Amino acid sequence: MKLSHKSGMMNHMKNNEVMGLKKMNLKKKVMYTLSTGLLACTFSFAPLSAPAVAEAGGWDVVGNIFNTVSQAAFEYEAVRSNVLNWGNSPATQQQILNETVQKYGVDTSLEHNERVSRVLNQLIDRGHYAMEPNSLPFRWRVINSDEWNAACYANDFIEVNSALVEDLKSDDALAGVLAHEMTHGLHQHIADALAKQVLYKYGSSLLTMNADVFQSTLTSYVTNYITVKNTTNLNEADADESGFYLLCSAGFNPGGFPVETMAMTLQGDVDRNLLKEIFIGAADHPASQKRFEESVQRMEEYGYNHVKVKNDKDIFIDDKYFMTATATPEMADWANAYLIAGGICKGIHDYSTVEAWGFGTPDFLNDKAYDNLRNSLSDTALSDNLQTMLANAYSLDIYDKDHRSTKAKLKKAEKERNDKITKRKNEVMSSENASAYEAHFEGYTKLGLNVLAYKEAEKAYKANPNSYIQTGNMSRAYNALNADYKEKHNTWNDEYTQKAIEYTDKALKICQDNSIDDTYWLYSNMAYYQMQAQNYAASNEHALKAISLKPDEKSNYRFVGYNSLMMGDKGSAVKYYSLYLNHGGDKDMVPAELSSEVEADAKTIEEIYASNE
Ligand SMILES: [Zn+2]
């Protein structure tokens, strides 16, 4: 990608959520997104002339279509791969983060940052999803903005606006927004959306052609044309759907999604009476209404269609009234209602019998996702009532034909979804992808982001544990964590040191077994790690081996000098510290007790020449 286009890319490579733009109608929103997308597309290839208008039938037309189809496919891939490459650079990710922070300023609220960190980490650590090898790990910042919004860039940087975090008091609802944004990144929506602009362009020209020729090709292009017209909507629908299941798999309350989509529409302080108007009447909000209704349906299906919220606050189980949610100081009645209902849905989904709920035991609803449900069961009668209704629900799933088949159908769909993700999770961890993770490791190492570097090194190693490079990089990753640790605690972390030694040892063995001679870095690193561990003899052994391979590298002489001093061999210490200085070492690194002898001994090559000539 050319440098001159970078600034343009940066402004447009964001899957900016249109949901905050209240006054813009849906059509305008889509057109706005398409036009900015088209702007971002105008890099790296020359614009092409439109295909010739078709004559009536004949091979000219066939030829035109063939050319057009292959050209469109070429451009589609060109755009897609350019965006993906752009999104796969840790340095660019850092740059976007810096620019966003500079533009808006970070939200300094400790509470906001801790919440986003906690919720996003739970999604990342516990969620069921596959991360593409050419995608970066997620990074995030909460920025100062009054706009109720969040966005994910093509390089998996997620910006979360302070107003949104402040408004969503429930972690489960916040998880809904973050899972939606993560899905944009995981499914590489921006690359797809921009690439589809190409099909849009060609699709419209193909529509003017003779439809009798190559009907099937045309049909597929017309389909694409229609698809592309809904590109943004399709991506949003996918982010909502896959985001919902991601949220559930990470252990959050499925009611978080309806709460988030409703809060999005309400945007804070809209009068509750307006709620129905927006949802039923206002033509400007069909997308919001649809998204809310779909998330409610998904929540109900997650609990095998036993639980319903009516009138935004009354909760029914199998069409029997259970309770009415009330407002709490932190939460509106409707939000509480969906989180209580979502808790029941989660319980029905996760526990296979009513006994497994553990009514009356300390384990009963002992998970943050059940907070709203647990807090609403203040009196025993209500709790007993829930137990009875649940027993009935489980019994329906066994003895009622309709319930039984619904549950079987939903479980089958869930299994298919999960199997598909598991399959991809395994595919992305194949050995051929190790180098992709290795490149991320090197990128984050350069940026000094050692925790991210470690995680990518670990992926590379897991993808190819037989590679001496990935194995050796594991020790580099541990050593970098150790350096961070030392800076903070002024001492080495023994566990990190041992891990660094262990992996280097393993990498050296791989080299020996496979006659690989790229071992200098491993010997030199091992000398350093053994020195940390105060295994001075072992350190010397490896440092001398490193010196034999690369006599011009100064650091190994210093290792031998230091080890010798520690082992009480002053003569050897002076000799090797002198060699260290001779090879361009830093005088300040020589221990004070040796400095006068070392400096007398140390000669540069020029000094040695001068003594003879
Ligand atoms: Zn979105």
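The legends below describe close-up views of a predicted model.

**View 1. Packing of helices α24 and α25.**
Helix α24 covers residues 555–566 and helix α25 covers residues 570–582. Their axes lie 7 Å apart, and the helices pack at an angle of about 160°. Because angles over 145 degrees count as roughly antiparallel, α24 is roughly antiparallel to α25. The crossing of α24 past α25 is left-handed. On the α24 side, the contact is made by Tyr 557, Arg 558, Val 560, Gly 561, Ser 564 and Leu 565. On the α25 side, the contributing residues are Lys 570, Ser 572, Ala 573, Tyr 576, Tyr 577, Leu 579 and Tyr 580. Of the residues in this contact, eight are nonpolar, three are polar and two are charged.

**View 2. The open sheet β5-β6-β7.**
Three strands form an open sheet in the order β5-β6-β7, and their pairing is antiparallel. β5 (307–310) and β7 (320–324) are the edge strands, each pairing on one side only. From one strand to the next, the twist averages 30°. Four bridges join β5 to strand β6 (residues 314–317) in the antiparallel sense. Lys 310 has Asp 314 in β6 as its bridge partner.

**View 3. Helices α14 and α16 against the sheet strands.**
The sheet of View 2 is shown here with its helices. Helix α14 (residues 333–350) packs on the sheet and touches β5 and β6. The direction of α14 makes about 170° with that of β5. Helix α16 (residues 380–399) lies across β6 and β7. Relative to β7, helix α16 runs at about 145°. β6 is thus touched by α14 and also has α16 lying across it.

**View 4. The β3–β4 hairpin and Asp 156.**
Strand β3 (residues 150–153) pairs with strand β4 (residues 157–161) in the antiparallel sense, over three bridges. One residue pair to locate is Ala 150 and its bridge partner in β4, Val 160. The two strands form a hairpin with three residues between them. Asp 156 sits in the loop between β3 and β4. Its phi is near 65°, a positive value in a residue other than glycine. Asp 156 has 23 C-beta neighbours inside 10 Å and therefore counts as buried, the cut-off being 20 or more.

**View 5. Tyr 304 in the loop before β5.**
Tyr 304 lies in the loop between α13 (286–302) and β5. Although Tyr 304 is not a glycine, its phi is positive, at about 50°. Tyr 304 counts as buried, with 22 C-beta neighbours inside 10 Å. The strand at the end of this loop, β5, is an edge strand of the sheet in View 2.

**View 6. Tyr 245 of helix α10 and its separation from Met 299.**
Tyr 245 belongs to helix α10, which spans residues 231–249. Around Tyr 245 there are 22 other C-beta atoms within 10 Å, so this residue is buried. Met 299 is 54 residues from Tyr 245 along the chain. The C-alpha atoms of Tyr 245 and Met 299 are separated by 9.7 Å.

Conventions: Residues numbered from 1 in each chain as written. Predicted model: local features only at pLDDT ≥ 70, side-chain atom pairs only at ≥ 80, totals over all residues. Axes fitted to C-alpha atoms, helices over the stretch in contact; angles between N-to-C directions. Parallel < 35°, antiparallel > 145°, perpendicular 65-115°, else oblique. Left-handed = near helix turned anticlockwise from the far one by under 90°. Contact = placed C-beta atoms within 7 Å. Nonpolar A, V, L, I, M, F, W, Y, C, P; charged D, E, K, R; others polar. Buried ≥ 20, exposed ≤ 12 C-beta atoms within 10 Å, placed from the backbone. Pairing = 2+ DSSP bridges.
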